[in-house]
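User: I'm new to this one and would like a quick tour. Can we take it a question at a time?

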Amino acid sequence: QWVYVDGEFVLKEDAKISVYDHGFLYGDGVFEGIRVYNGNVYRLDEHLQRLFESAQSIMLTIPHTKEELTKIIVETLQKNQYRDAYIRLVISRGRGNLGLDPFTCEKPGVIIIAEQLALFPKKLYETGIEIVTVASRRNRADVLSPKVKSLNYLNNILVKIEANLAGVSEALMLNDQGYVAEGSADNVFIVKGNSIKTPPGYLGALEGITRNAIVEIAAELGYNVSEEPFTRHDVYVADEVFLTGTAAEVIAVIKVDGRVIGEGVPGKHTNILLQAFRQRVVEEGVK
Ligand code: PLP
């Protein structure tokens, strides 16, 4: 397996970064997780746009244009002969000294890892998953914006730890006002009647690319879909709850904090949206 590291393709075992890289020392950098379906890089333009906006927000200059990054991603896939893959694109602040100052760093590091992973077991899509809400709060929009997909995922890791301790694999974060924000690495939707809601970005949700795709698809299918604040109560009494993300795609949630959601099985609308999503992912994208 070949990994792209700062201008070179190296074997996975040889793919290394400096211990002085501020991405490692401080989580100083940005990243994207991207899916490739049947040779199509799904919504690459949107991922690159988000990457460049994340970088702009933390004053990190990406040493490539979007076109160059596209070329390198395609090369990485060709070199590994992958038609279905998960890509991790990382831009770190690069090598500096031990101080925090990012301006001591020589040049940003660019890493592209492509892997052929079946990310979620198939069975989970048939059974749905159980989740909890946790004490960790989403960081506030007036500090480091939740729109920045930075390498600093400690908040999300704490959420994952709380989920694991509760015996489940995923959890929902609330924001500091108690509104539901998102999962540790996915967005959340609730369905009630014909209406579908997901929290607005300003409440502390990443503007997920899968989330946006589901909003588009749901609107096309005639659902009344909106970005609206909601609380844990609304989640508990929803007909259906599901999570979306590049890795998870669309996954049904059947229990939240011990409350059974709907019939306790993946809901009809969740399944409709998952099928529509899967159908579209192969039709879209950059070859
Ligand atoms: N929220 C967070 C915190 C994430 O890390 C991710 C993963 O990228 C998502 C939501 C889902 O976003 P996307 O659909 O773009 O993968």
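User: In the largest nonpolar core, which strand gives the largest share of residues?

Analyst: Keep in mind that this is a predicted model. The largest nonpolar core has 41 residues, and Val-241, Phe-242 and Val-253 are the ones touching the most other members. As for the largest share, 6 residues of this core come from residues 249–256, which is strand β14.

User: Which residues does Phe-242 touch, leaving out those up to four places away in sequence?

Analyst: Phe-242 is one of the three core residues that touch the most other members. Touching here means C-beta atoms within 7 Å. With the sequence neighbours up to four places away left out, the list is Phe-189, Val-250, Ile-251, Ala-252, Val-253 and Thr-270.

User: How many residues are in the other core, the one that lies apart?

Analyst: Leu-48, Ile-73, Ala-85 and Ile-91 are among its members. This core lies apart from the largest one, and its size is 23 residues.

User: On the side of domain 1 that touches domain 2, which element supplies the largest share?

Analyst: The domain assignment gives domain 1 as 2–115 and domain 2 as 122–281, with their C-alpha centres 26 Å apart. Across the contact, 21 residues of domain 1 meet 11 residues of domain 2. On the domain 1 side, β3 (29–37), α2 (44–57) and β5 (85–92) each bring at least two residues. The largest share, 8 residues, belongs to β3.

User: And how many residues on that side of domain 1 are charged?

Analyst: Sorting that side by class gives 7 nonpolar and 8 polar residues. The charged residues there number 6.

Key. Residues are numbered from 1 along each chain as its sequence is written. This is a predicted model: local features need pLDDT of at least 70, side-chain atom pairs count only at pLDDT 80 or more; totals for chains, interfaces and linings use all residues. A nonpolar core is a set of buried Ala, Val, Leu, Ile, Met, Phe, Trp, Tyr and Cys residues joined through C-beta atoms within 7 Å. A residue is buried if 20 or more other C-beta atoms lie within 10 Å of its own, exposed if 12 or fewer, and partly exposed in between; C-beta atoms are placed from the backbone. Helices (H or I, at least four residues) and strands (E, at least two) are DSSP runs, numbered from the N terminus. Two residues are in contact if their C-beta atoms, placed from the backbone, lie within 7 Å. Domain bounds come from an automatic or database domain assignment. Ala, Val, Leu, Ile, Met, Phe, Trp, Tyr, Cys and Pro count as nonpolar, Asp, Glu, Lys and Arg as charged, and the others, Gly among them, as polar.
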